[in-house]
Amino acid sequence: MNRREALVAVGSVLGAGSAVTAVMPVGAQEDGSGGNESGGNETGGGSGGNETGGGSGGNETQGGGNESGGGNQSGNASGGGGGGTTETVNVVDNAFEPAELTIEPGTTVEWAWQGTQAQHNVVPDSQPEGAGWEGHSSLESGDFSFSSTFETEGDYEYICEPHVSQGMTGTITVTTDTGGGQAEADVDIHDLGVPIQKQYVGVASFLATFVSLVFTFYLLKYGESANTSSPGRDR
């Protein structure tokens with residue numbers, strides 16, 4: 001094989017490889033589509049096979065069977081059903097943890113006694129007008145919990161009657177402005193990253209093909225061989 005035939009072969013391989021690359025991104029090489037789709041063994045909640053996320057039935061940790069000391073009692077502040085998220089306030093010896101909690105309307109708050117031997121209750125000290133939150137005035141100990149869903153915006157202050165002198169107080173603040181929107185606004189878009197779009201990959205592949213063809217043409221026309229020479233060069 002002389003040098004001209006070798007250049008033709010190399011140029012053909014470069015052109016064919018670039019053409020294949022230009023076609024592939026819009027088909028089999030697309031991320032998130034095609035053959036390697038995840039299925040079956042899902043890790044999120046929902047229906048189907050081997051799930052590890054939340055779903056109905058099964059081993060639930062709130063409500064239902066694993067209750068003690070009277071179980072999970074519920075009461076709504078200013079009526080309405082739940083349907084929102086759930087926050088937990090731990091009732092420990094001489095303290096509510098956290099003592100201050102900010103939630104959105106429709107959020108359910110669960111007070112969970114952490115196996116304490118002392119007797120505690122949750123008695124409203126002040127609340128928004130018309131809220132009607134009753135708390136839980138009965139003294140409880142051991143492993144016990146009850147929950148309330150809050151709809152009316154405002155501050156709900158509560159105490160443990162036997163231990164209020166020791167600072168066992170708490171506050172629930174219900175508001176639509178929980179600061180989540182501001183946190184999202186502070187995120188720099190450059191930190192999020194932008195995925196490469198397939199059309200950009202196609203354009204780049206087309207340009208690579210075009211350059212390969214031009215390079216091959218130049219080599220075929222002006223490449224050195226036994227019968228040709230570069231422009232301006234003595235034969």
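**A five-stranded mixed sheet and its surroundings**

In this predicted model, five strands form an open sheet with mixed pairing, in the order 4-10-9-6-7. Its edges are strand 4, residues 100-103, and strand 7, residues 136-142. Each of these edge strands pairs on one side only. On average, neighbouring strands of the sheet are turned by 25 degrees against each other, direction ignored.

The sheet belongs to a protein of four helices and 10 strands. Read from the N terminus, the elements follow the pattern α-β-β-β-β-β-β-β-β-β-β-α-α-α. The protein has 235 residues, of which 23% count as buried. Its exposed area is about 15100 Å². Carbon and sulfur atoms supply 50% of that area. Among contacts with a separation of 6 or more, 63% join residues 24 or more positions apart.

Strand 4 was examined in more detail. In general, the strands of a sheet pair through backbone hydrogen bonds, in a parallel or an antiparallel sense. Strand 4 pairs with strand 10, residues 169-174, in the parallel sense. Four bridges make up this pairing. Glu100 has Thr171 of strand 10 as its bridge partner. Leu101 stands opposite Ile172, also in strand 10. The two faces of strand 4 are unlike in cover: Leu101 and Ile103 form the covered face, whereas Glu100 and Thr102 form the uncovered one.

Thr175 lies in the loop between strand 10 and helix 2, the latter spanning residues 180-185. With a relative accessibility of 17%, Thr175 falls under the 20% limit and therefore counts as buried. Leaving out residues up to four places away in sequence, Thr175 touches Thr102, Ile103, Glu104, Pro105 and Glu153. Thr102 and Ile103, two of these partners, come from the uncovered and the covered face of strand 4, respectively. Glu153 is 22 residues from Thr175 along the chain, yet their C-alpha atoms are separated by 5.3 Å.

A second loop residue is His163, found between strand 9, residues 154-159, and strand 10. His163 is buried, because its relative accessibility is 12%, under the 20% limit. Its contacts beyond four places in sequence are Asn94, Ala118, Gln119, His120 and Met168.

Ser145 is located in strand 8, which covers residues 145-150. A relative accessible area of 11% makes Ser145 buried. Trp113 is 32 residues from Ser145 along the chain. The C-alpha atoms of this pair are separated by 6.0 Å.

The surface was also searched for patches. Six residues, Val203, Phe206, Leu207, Phe210, Val211 and Val214, form a nonpolar patch there. Together they account for about 600 Å² of accessible area. Val203, one of the six, is placed in helix 4, residues 198-222. The relative accessible area of Val203 is 49%. This value lies between the limits of 20% and 50%, so Val203 is classed as partly exposed. A patch residue needs over 30% relative accessible area, and Val203 at 49% meets that cut-off.

Key. Residues numbered from 1 in each chain as written. Predicted model: local features only at pLDDT ≥ 70, side-chain atom pairs only at ≥ 80, totals over all residues. Heavy atoms only, no water. Pairing = 2+ DSSP bridges. Axes fitted to C-alpha atoms, helices over the stretch in contact; angles between N-to-C directions. Patch = residues over 30% accessible without salt bridge, like charges linked within 9 Å, V, L, I, M, F, W, Y side chains within 5 Å. Areas by Shrake-Rupley, 256 points an atom, 1.4 Å probe, with all protein chains shown as cover. Salt bridge = Lys/Arg side-chain N within 4 Å of Asp/Glu carboxyl O. Buried < 20%, exposed > 50% of the residue type's maximum accessible area, 1.4 Å probe, protein only. Contact = heavy atoms within 4.5 Å.
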